[in-house]
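This report examines a model together with its ligands. The sequence and structure are shown first, and the discussion then follows by topic.

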Amino acid sequence: MKSNIVILGTQWGDEGKGKIVDFLTRKFHYVVRYQGGNNAGHTLIVNNKKVVLHLIPSGILHDNIVCILGGGVVISPYGLMNEIKMLSELKISINNRLILSESCPLVLEYHVKMDIARELFLKNSSIGTTKKGIGPAYEDKIARRGLQIRDIYNDEILFKKLKNNINYYNSQFINYYKCSTVQYDRILKEILEFRDFIKNKIKDVPGLLQKLYKEKKKVIFEGAQGALLDLDHGTFPYVTSSNTTIGGVFTGSGANLKLVNHVIGVTKAYCTRVGSGPFPTEITGDLDSYLCMKGKEFGSTTGRRRRTGWLDLVLLSRVITLNSITSLCLTKLDVLDDLSEIKVCVAYKNMKNMNIIEDIFENINYSFLKPVYKILPGWKQSIRGITSFSDLPSPAQNYVYFIEKFFNHQVLIDIISTGPNRIDTIIKRDI
Ligand code: GDP
Ligand code: IMO
Ligand code: MG
């Protein structure tokens, strides 16, 4: 295993990143989250026990691992404290194993309220956010008014900024959204509880990462969401508010380029999306119900039903290039077990001029594009829990080979996931 790796989602999130980070973590020392907040939901299943993480990196189940939240991660104080409580009830201690950057912006009650108010206001054109306040919290960062962790240890700055921000938000709640306001005391209480709780966990994360580099410690950078939800490169405006693509690793943690040796793109064997927005290979009807039930496609954060679709190699190709992905991990292959035919999108047809499009580099208007499919035979037997590539039935092996051939063997599928448990994993090629 090369020393430091990035694990990022190549679709619209929920590719199974958490499971893969948990699986790989045993060979590492540190796991770093660099963007997103508790909009993420990463489900880990170990010895039939299920743990869903939102903010804490997916390495936490291994007790020798230290987890780091870089400055690009937006933090809900109650969200983080509740998650730590949930872990301690499962006898998983975070003592000396969780580090936060003092640059992390806080997600407070007014952000959540604003997220909900906006979604209601947008009615049919709503984004379908997780309503966790993520967009407004990142807006406050860009507008340079938001509270960062470093602010909460200086009473003068804390009281002043909090008051100003509450006034700013309340004026919009009253005048524009015509809804109730938020209370200063309540939010201050949350922050004060939080600052005591995390006071020994704050470190200079960019400095620490440099030190780890010199000491040759092994680090995984764990992405949240997926590349097609990236604020700049995703299906705008139906995206999240952070950079889920490779640049986010560096801005959101302070790591330098030398720290990353390998980028693993996690790809479901089909596709899902939760919330609104374009989804060219979307499936409807019985097949959608089948994939949804078999794949348990309900959001780990909001419980919403995920939309399903076929694997889209045109978009995957763009995501591979954009993120310098060096290796793929194909998850949920077992969900396709009962299908007699499996479609894969290999190009698009432009319905305006009937041209065939094989490459997409920019985020474009998908509404006039129709996917062109290659139909591959299914394997019609259970592959759940298989751990060796040679034990897969040949149509399943051929599905993997087909994808690799599509990318001219420049990027290979090195890991395959055949079930939700940590052990349901094939290492096809040891990276
Ligand atoms: P993440 O956000 O990318 O970490 O993905 P989620 O945890 O939100 O969603 C992935 C879901 O699929 C979770 O419920 C996992 O337990 C489950 N899962 C992961 N890998 C596999 C797999 O190979 N097969 C099956 N059947 N389920 C999987
Ligand atoms: P993980 O890390 C899937 C989606 C929301 C919505 C859009 C914007 O589990 O893969 P936001 O609340 O971020 O402003 O919502 O992004 N979204 C996700 N979809 N998995 C996620 O995270 C997501 N996080 C946000 O559904 O469409
Ligand atoms: Mg998820």
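## Surroundings of ligand 2

An oxygen atom of ligand 2 lies 2.8 Å from an N or O atom in the side chain of His-42. The model is a predicted one, and the distances reported here are to be read accordingly. A second side chain, that of Arg-304, places an N or O atom 2.9 Å from an oxygen atom of ligand 2. Gly-128 takes part through its backbone, with an N or O atom 3.3 Å from an oxygen atom of the ligand. On its own, ligand 2 has 550 Å² of accessible area, and the protein covers 98% of it.

The shell around ligand 2 numbers 20 residues, the closest being Lys-17, His-42, Thr-130, Gln-225 and Thr-240. By character, this shell comprises seven nonpolar, ten polar and three charged residues.

## Surroundings of ligand 1

Ligand 1 is surrounded by 19 residues, of which Lys-17, Gly-41, Thr-43, Asp-334 and Ser-417 come nearest. Two polar contacts involve the backbone: a polar atom of Gly-41 is 2.7 Å from an oxygen atom of ligand 1, and an N or O atom of Thr-43 is 2.8 Å from an oxygen atom of the ligand. Ser-300 contributes a polar side-chain atom, 2.9 Å from an oxygen atom of ligand 1. Taken alone, ligand 1 exposes 590 Å², of which the protein buries 94%.

## Helix H9 and the loop that follows

Which residues of helix H9 are buried? In this helix, which spans residues 286-294, they are Asp-288, Leu-291 and Cys-292. These residues lie on the same side of H9 because the arc that they cover around the axis is only 100°. Strand E11 (307-309) is included in what covers the buried residues of H9. On the face turned away from the buried side, H9 carries the exposed residues Asp-286 and Met-293.

Just after H9, Lys-296 adopts a positive phi of about 50°. Gly-303 is located in the loop between H9 and E11. With a relative accessible area of 44%, Gly-303 is partly exposed. Its C-alpha atom is 26 Å from that of His-233, a residue 70 positions away along the chain.

## Thr-281 in the loop before H9

Thr-281 belongs to the loop between strand E10 (271-273) and H9. Is this residue buried or exposed? Thr-281 counts as buried because its relative accessibility is 0%. Its side chain reaches the backbone oxygen of Trp-310 at 2.7 Å. Leaving aside residues up to four places away in sequence, Thr-281 touches Thr-308, Gly-309, Trp-310, Asp-312, Cys-345, Pro-371 and Tyr-373.

## Backbone features in other loops

The peptide bond from Phe-236 to Pro-237 is cis, with omega near 5°. Pro-237 is part of the loop between strand E8 (219-226) and helix H8 (247-253).

The loop between helix H11 (394-406) and strand E17 (412-417) holds Asn-408, and His-409 likewise lies between H11 and E17. Although it is not a glycine, Asn-408 has a positive phi of about 55°. His-409, also not a glycine, has a positive phi of about 60°. Asn-408 counts as exposed, at 57% relative accessibility, whereas His-409 counts as partly exposed, at 48%. The cut-off explains these two classes: exposed requires over 50% relative accessible area.

Key
Residues numbered from 1 in each chain as written. Chains lettered and ligands numbered in written order. Predicted model: local features only at pLDDT ≥ 70, side-chain atom pairs only at ≥ 80, totals over all residues. Heavy atoms only, no water. Buried < 20%, exposed > 50% of the residue type's maximum accessible area, 1.4 Å probe, protein only. Helix = DSSP H or I, 4+ residues; strand = E, 2+ residues; numbered from the N terminus. Arc of directions from axis to C-beta. Contact = heavy atoms within 4.5 Å. Near = heavy atom within 4 Å. Polar contact = N/O pair within 3.5 Å; in protein donor to acceptor, adjacent residues only side chain to side chain. Areas by Shrake-Rupley, 256 points an atom, 1.4 Å probe, with all protein chains shown as cover. Nonpolar A, V, L, I, M, F, W, Y, C, P; charged D, E, K, R; others polar.
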